[in-house]
Amino acid sequence: MAKAILNFESETALTFTITEKDGDTVNETETVAVKLTELRPQLYLATWKEKNGNTITLVQDYENGVVYSNWTLPNGEFNNVKGTIKRM
């Protein structure tokens, strides 16, 4: 499990900082091209590809404080988790 801070610079740019991985404190930052789709007020779909080849899809539900995170690693392994989300 990981914790991250997402900073949407614009509708097409996202800087994320991973602050925790598997219980360990880390500080990994990357800026990526992002596609944002508003599904309804307070519900967004965000997708991007990281420089390491990971592809990420998030469904961010700010009304209910829930995020659904799905990602595929370069080797094809698919992962998904449900977590909490809040605006800062």
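Two residues are in contact here when they have heavy atoms within 4.5 Å of each other. With that in hand, take E9, which touches L14 and T15 once residues up to four places away in sequence are set aside. Please keep in mind as you read that this is a predicted model.

Let us step back from E9 and look at the whole chain. The protein chain has zero helices and seven strands, so its elements, read from the N terminus, follow the order β-β-β-β-β-β-β. Its radius of gyration is 13 Å, close to the 12 Å that the globule rule gives for 88 residues, so the chain is as compact as a globular protein of that length. Along the principal axes, the C-alpha trace spans about 35 × 25 × 25 Å.

What about the surface and the contacts? The accessible surface of the chain comes to about 6000 Å², and carbon and sulfur atoms account for 51% of that area. Of the 88 residues, 28% are buried. Among contacts with a separation of 6 or more, 11% are between residues 24 or more positions apart. As for charge, there are 9 positive and 12 negative side chains, and the centres of these two sets lie 3 Å apart.

Now for the inside. In soluble globular proteins, nonpolar side chains tend to be buried together. In this model the largest nonpolar core has twelve residues: L14, F16, I18, V32, V34, A46, W48, I56, L58, Y62, V67 and I85. The elements that give two or more residues to this core are β2 (13–21), β3 (24–40), β4 (43–49) and β5 (55–61). Strand β2 provides the largest share, three residues.

L14 is a good member of this core to click on. Setting aside residues up to four places away in sequence, L14 touches L6, N7, F8, E9, E30, T31, V32, V34 and W48. Three of those partners, V32, V34 and W48, belong to the core as well. The list also brings us back to E9, which lies in the loop between β1 (2–8) and β2. E9 has a relative accessibility of 47%, and it counts as partly exposed because that value falls between the 20% and 50% limits. Another glutamate, E28, is 19 residues from E9 in sequence, and their C-alpha atoms are 17 Å apart.

Two other loops each hold a residue with a backbone angle to look at. D22 is found in the loop between β2 and β3, and D22 has a positive phi of about 50° although it is not a glycine. With 64% relative accessibility, D22 counts as exposed. Moving on to the loop between β3 and β4, you will find Q42. Q42 also has a positive phi, of about 70°, and it too is not a glycine. At 33% relative accessibility, Q42 counts as partly exposed.

Next comes strand β6 (residues 66–72), where T72 is found. T72 is partly exposed, with a relative accessible area of 24%. Beyond its neighbours within four places in sequence, T72 is in contact with G53, N54, T55, E77 and F78. One of these partners, G53, is 19 residues away from T72 in sequence, with 8.5 Å between the two C-alpha atoms.

The walk ends in strand β7 (residues 78–84), which holds N79 and also T84. Which of the two is buried and which is exposed? N79 has a relative accessible area of 18%, so it falls under the 20% limit and is buried. T84, at 73%, is exposed because its value is over 50%. Their contacts can be listed in the same way, leaving aside neighbours within four places in sequence: N79 is in contact with S69, N70, W71 and L73, while T84 is in contact with G65 and V67. V67 is also one of the residues of the largest nonpolar core. Finally, Y68 is 16 residues from T84 along the chain, and the C-alpha atoms of the pair are separated by 8.6 Å.

Definitions and conventions. Residues numbered from 1 in each chain as written. Predicted model: local features only at pLDDT ≥ 70, side-chain atom pairs only at ≥ 80, totals over all residues. Heavy atoms only, no water. Core = buried A, V, L, I, M, F, W, Y, C linked by side-chain atoms within 4.5 Å. Buried < 20%, exposed > 50% of the residue type's maximum accessible area, 1.4 Å probe, protein only. Helix = DSSP H or I, 4+ residues; strand = E, 2+ residues; numbered from the N terminus. Rg over C-alpha atoms; globule rule 2.2 N^0.38 Å. Areas by Shrake-Rupley, 256 points an atom, 1.4 Å probe, with all protein chains shown as cover. Lys, Arg positive; Asp, Glu negative; His and termini not counted. Charge placed at Lys NZ, Arg CZ, Asp CG, Glu CD.
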